[in-house]
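Grab a pencil and work through these exercises one at a time. Try each task yourself before you read the solution below it.

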Amino acid sequence: MTDNFELDFSEDLSFNNYEKEAFKALDYILNKNGLGNKFLGWVTHPEVYDREEYSRMKKLSEKVKKSEVLIVIGVGGSFLGSKAIIKTLKPYFKQEGLDIIFAGNNLSGDYLSELVEYIKDKDFYINVISKSGSTFETAIAFRVLKELCEEKYGKDAKDRIIVTTDAECGLLKEFSDKVGYETFCVPNDIGGRFSVLTAVGLFPIMCAGIDTDAILLGANDGLEEYTKKSLDNISLKYAIIRNVMFRYKKKEIEYLVAHEFKLSYLQEWWKQLFAESEGKNGKGLYVESAIFTRDLHSFGQMIQDGNKITFETIIEVENLKNDIIIPFSEEDFDKLNYLAKKSLNDINKVAVTATRKAHTDGDVPTIRIKVPKLDAYNIGKLIYFFEMSCAISAYMLEVNPFDQPGVDNYKKNMYQLLEKM
């Protein structure tokens, strides 16, 4: 591939002033001697992934594709990455082939009961994803859907349930071995929010009919580009800008902005990646997302003229697969004939430029990441870009990018309160 990502920043910034600090953070990653270093397996995974397991995944995905529905049960990093890529690369409306539904990421009885009703007469498979098997939301959903699967398929139910879990231990691994489920591995050296390029994300993506070979190729090219100790490395530049905004410019909120709805779940994955990695010790940017131009008609006023604590990172896609031309109207009832024969995507690009100028004029700094197009190769590379930038940025903040101690607090309270019911 010859097209590279581009990054530019709306303000003048002397990156050389932060070179030493950024290179030190990158060294923590490459030398595996920083905080949480036992979870750095994602760095080289696109190059050294288990080919035998990958082949098994491909073979099984062909079987699953012949059914009607795949239910992916998981929460956080166990579903956000695969859903982000599937939503980005599949058509908006033309739903062909396997219907992929996500469960086990909430505690809504309304949602789960409707799902049971929807799939009970359909031909379905289940892919449950949990390293331990005891993740609360996931375990509850699996218990309910496993029972439905067994009622429908009887002794063949074990061939309808695919488990992605720890390679050696844990409740789910032990149960899978006992029953005889097909299992794939959650690598011990890769945390959940960095796991989309492992079996955690790749198996559902395969079942969706997306080219995972191209995804891994893009990520592997990202491995080559984004591990270089050079200020030409845009993952370093992005990490530097974020730290400057937070530590020196007193910005508190970063918006990830897209002008394409297909990127909305990529934004959700990005929010988990950065929020869980950096939100520690009273540090870290609050991360939010916006779809423009839609959100310019809601909270755009706050971004433009409100409290100046925000900056924006814009994902701009240069070439989209589809487009439409504005027609000429004899009546010109809406006074839009000046747009006739123009492409809607070209108009959207003008909106990107116009909004960026308005916001930078209004003291809202903007970063722009230009992506050549939305395909499997580029989404794999974009995933790797954000993962590397996140790890560098967190190390520059002097926090552990790979733990999430605050997440456990609500779980402890839940268990204590449920025991009292």
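**Exercise 1.** Which residue with a positive phi follows helix 14?

*Solution.* Keep in mind that this is a predicted model. Go to the end of helix 14 and step just past it: you meet Glu-398, with a positive phi near 65 degrees.

**Exercise 2.** Check whether the spans of helix 14 and helix 11 fit their residue counts.

*Solution.* Start with helix 14. Its 21 residues should give 30 Å at 1.5 Å a residue, and the distance from the first C-alpha to the last is 30 Å, close to what's expected. Now do helix 11, residues 264-278. It has 15 residues, so the expected span is 21 Å, and the end C-alpha atoms are indeed 21 Å apart. If the sum puzzles you, remember to multiply 1.5 Å by one less than the number of residues.

**Exercise 3.** How many residues of helix 14 are buried? Then sort Asn-378, Lys-229 and Asn-281 into buried, partly exposed or exposed.

*Solution.* First, the helix: 21 of the 21 residues in helix 14 are buried, so we call it mostly covered. Next, the cut-offs: buried is under 20% relative accessible area, exposed is over 50%, and partly exposed is in between.

- Asn-378 sits in helix 14, and its 4% makes it buried.
- Lys-229 is in the loop between helix 9 and helix 10. With 44% it lands in the partly exposed group.
- Asn-281 belongs to the loop between helix 11 and strand 8. Its 64% puts it among the exposed.

**Exercise 4.** At what angle do helix 4 and helix 14 pack, and which residues make the contact?

*Solution.* Begin with the geometry: the angle is about 145 degrees, and the axes are 11 Å apart. The crossing is right-handed. Now list the partners. Helix 4 brings Ile-85, Thr-88 and Leu-89, while helix 14 brings Ala-376, Ile-379 and Ile-383. Sort them by class and you get 5 nonpolar residues, 1 polar and no charged ones.

**Exercise 5.** Which residues have the most contacts inside the largest nonpolar core?

*Solution.* This core has 93 residues, and the ones to pick out are Trp-42, Trp-269 and Phe-386. Ask next where the core comes from: helix 14 gives the largest share, 13 residues. Now zoom in on Phe-386. Skipping neighbours within four places in sequence, its contacts include Trp-269, Trp-270, Leu-273 and Phe-274. Look those four up in helix 11 and you'll find them among its buried residues. That fits the wider picture, in which the buried residues of helix 11 pack against several elements, including helix 4, helix 10 and helix 14. Don't stop there, though: a second, separate core has 22 residues, among them Leu-115 and Ile-126.

**Exercise 6.** Where is the cis peptide bond between Phe-292 and Thr-293, and what is its omega?

*Solution.* Omega for this bond is about 10 degrees. To place it, follow Thr-293: you'll find this residue in the loop between strand 8 and helix 12.

**Exercise 7.** What is the phi of Asn-281, and what is the phi of Asp-363?

*Solution.* Neither residue is a glycine, yet phi is positive in both. For Asn-281 the value is about 55 degrees. For Asp-363 it is near 65 degrees. Asp-363 lies in the loop between helix 13 and strand 10, and at 42% relative accessibility it counts as partly exposed.

Methods. Residues are numbered from 1 along each chain as its sequence is written. This is a predicted model: local features need pLDDT of at least 70, side-chain atom pairs count only at pLDDT 80 or more; totals for chains, interfaces and linings use all residues. Side-chain values use heavy atoms; hydrogens and water are left out. Helices (H or I, at least four residues) and strands (E, at least two) are DSSP runs, numbered from the N terminus. Buried means under 20% relative accessible area, exposed over 50%, partly exposed in between (1.4 Å probe, protein chains only). Contact means heavy atoms within 4.5 Å. Axes are lines fitted to C-alpha atoms, for helices over the stretch in contact, and angles run from 0 to 180 degrees between N-to-C directions. A crossing is left-handed if the near helix is turned anticlockwise from the far one by less than a right angle, and right-handed if clockwise. Ala, Val, Leu, Ile, Met, Phe, Trp, Tyr, Cys and Pro count as nonpolar, Asp, Glu, Lys and Arg as charged, and the others, Gly among them, as polar. A nonpolar core is a set of buried Ala, Val, Leu, Ile, Met, Phe, Trp, Tyr and Cys residues joined through side-chain atoms within 4.5 Å.
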